[in-house]
Amino acid sequence: MANYDVIVIGSGPGGYVAAIRCAQLGLKTACVEGRETLGGTCLNVGCIPSKALLHASHQLHEAEHNFAKMGLKGKSPSVDWKQMLSYKDDVIGQNTKGIEFLFKKNKIDWLKGWGSIPEKGKVKVGDEVHEAKNIIIATGSEASSLPGVEVDEKTVVTSTGALDLPKIPKKMVVIGAGVIGLELGSVYTRLGTEVTVVEFLDHVTPGMDSEVQKQFQRLLRKQGLDFIMGAAVQSVETLKTKAKVNYKLRKDDSEHTLDADVVLVATGRKSYTDGLGLDALGVKLSDRGQIVIDEGWHTSVEGIYAIGDAVAGPMLAHKAEDEGMAAAEVIAGKHGHVNYDVIPSVIYTHPEVAAVGKTEGQLKEAGRAYKVGKFSFMGNGRAKANFAGDGFVKLLADKETDRVLGAHIIGPAAGELIHEICVAMEFGAAAEDIALTCHAHPTYSEAVREAALACGDGPIHS
Ligand code: FAD
Ligand code: NAI
């Protein structure tokens with residue numbers, strides 16, 4: 001048994017960042033993790049492995065579709081799936097070991113095993129009970145289940161199974177056109193799988209700008225993804241190594257069936273707090289099973305904090321990280337800060353999709369007067385050279401003050417470009433501030449400046 005200032009439960013982006021910040025602020029810190037490796041969902045079975053497979057499959061797509069156009073002739077590469085998975089596992093290993101190194105460097109004890117909180121100020125791991133002045137719960141999330149659909153992680157998989165399939169399937173049905181469905185659906189489409197996405201709503205990626213949604217779906221269709229929209233999946237039957245997906249079209253209640261070698265269930269995630277003993281402690285949960293916190297990341301029980309996917313808000317690694325830092329600062333007696341109005345979201349398909357701030361729909365609903373500056377990547381020299389002219393930057397600014405309220409980008413490097421707008425929003429910038437900033441030529445960033453110019457006297461290149 002050891003005494004700590006802080007014990008963090010969970011070592012995902014929320015937990016490990018919280019632990020590092022606590023240690024940096026002079027607090028004696030431990031982090032409990034039940035997995036074999038540190039880094040949580042994100043590093044082990046989420047952000048990092050999915051991006052590795054997106055990168056590898058994108059290279060294949062480029063070789064098959066764009067190399068010859070540039071005079072790079074010859075046979076396209078063939079796919080060695082085992083090697084691709086081992087590249088992905090190697091990337092995971094480098095990242096998870098990186099966190100282990102950071103823990104050692106910052107003198108954070110890794111308490112290996114599943115933790116529970118038997119009483120305030122105590123964390124039990126295996127047979128050992130440790131004392132902690134403060135506890136941060138960062139236990140993350142798990143895939144939501146769907147009635148009538150039993151996941152076996154072989155034929156019917158969540159994202160975890162989809163990142164480690166024994167072979168590339170011929171036919172895949174993806175249930176849910178959200179972020180996971182479209183990222184992993186893209187991976188397998190590029191690898192030659194026939195992918196059909198079945199989505200309950202009439203549009204992809206709920207919550208995104210509606211123009212982006214339409215263009216995104218159109219571009220994914222062009223890449224070979226098939227969509228069945230407005231369809232509610234009723235059940236999935238598994239027959240040895242195959243599956244049948246039964247769904248109903250919402251418009252007329254008609255019933256249909258799709259065959260698949262693999263079914264990916266990607267219908268959202270839910271907070272994971274099993275086994276912590278929160279009920280007995282009196283830690284309040286919302287009706288969605290998320291830990292209820294106040295603006296200082298305190299739960300309803302003194303000395304216990306919660307962050308990341310275990311609490312409300314977007315289930316994103318960077319949101320969890322920011323909360324981790326902020327909670328650590330509060331515990332150390334400083335001021336923790338997260339600006340929930342400026343949390344970017346990125347979909348790492350090709351083209352990428354990125355957003356920050358308000359959508360037009362939200363501004364309309366709030367009755368706010370706004371203007372739109374839009375610029376197509378077709379007018380961007382760099383994008384044209386790189387076969388990346390599909391997409392646009394859309395900037396939303398206050399009609400009166402010109403203050404930037406949001407941005408929605410579909411196009412090359414959207415996930416990088418969005419951060420210029422995040423910084424602008426943090427500084428309360430006007431669209432004109434971006435428009436007056438010299439942007440290097442030829443860069444994709446010029447499209448952001450052109451969208452800002454479009455909020456004023458007009459863009460130059462359209
Ligand atoms: P997690 O990362 O879920 O970590 C929680 C950890 O706590 C886990 O390791 C778990 O084993 C451990 N744990 C739970 N209970 C206990 C216990 N009782 N004792 C000990 N340990 C415990 N987000 C992005 O921002 N960008 C992306 O590109 C992205 N891609 C994703 C791709 C996929 C396929 C998935 C599934 C998710 C993706 N996400 C992405 C979401 C992102 O992974 C999560 O938002 C993020 O991991 C949340 O961090 P967290 O620290 O709250 O929890
Ligand atoms: P999601 O919430 O993004 O999308 C789920 C989709 O499934 C929705 O479009 C929903 O309408 C649909 N759906 C629900 N029930 C259905 C049914 N019965 N039949 C058909 N469709 C149905 O959830 P997803 O994709 O599982 O991702 C979970 C979380 O992981 C997200 O919150 C996301 O933030 C995070 N994530 C983030 C990534 C990123 O930042 N690039 C990448 C992957 C995941």
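How much area do domain 1 and domain 3 bury between them, and what share of it is on carbon and sulfur atoms? The legends below begin with that interface.

The model is predicted, so local features need pLDDT of at least 70 and side-chain atom pairs pLDDT 80 or more, while totals for chains, interfaces and linings use all residues. Residues are numbered from 1 along each chain as its sequence is written, chains are lettered from A and ligands numbered from 1 in the order in which they are written, and side-chain values use heavy atoms, without hydrogens and water.

**View 1. Domain layout of the predicted model.** The chain is divided into domain 1 (3–143 + 270–331), domain 2 (156–267) and domain 3 (345–454); these bounds come from an automatic or database domain assignment. Taken over C-alpha atoms, the centres of domain 1 and domain 3 are 30 Å apart.

**View 2. The interface of domain 1 and domain 3.** The two domains bury about 570 Å² between them, with 76% of that area on carbon and sulfur atoms (accessible area, 1.4 Å probe, that two parts lose on being put together, summed over both). K51, L54 and H58 supply 48% of the area that domain 1 buries against domain 3, more than any other three residues. Seven residues of domain 1 contact four residues of domain 3 (heavy atoms within 4.5 Å). The rule finds zero salt bridges across this interface (a side-chain nitrogen of Lys or Arg within 4 Å of a carboxyl oxygen of Asp or Glu).

**View 3. Two cis peptide bonds before proline, H350 to P351 and H441 to P442.** Omega is near 0 degrees for the bond from H350 to P351, and P351 lies in the loop between β18 (345–347) and β19 (352–357). For the bond joining H441 and P442, omega is about -5 degrees; P442 sits in the loop between α13 (431–435) and α14 (445–454). Helices (H or I, at least four residues) and strands (E, at least two) are DSSP runs, numbered from the N terminus. Most peptide bonds are trans.

**View 4. T205, a residue other than glycine with positive phi.** Phi of T205 is near 40 degrees. The loop that holds T205 runs between β10 (194–198) and α7 (210–222). Most residues other than glycine have a negative phi.
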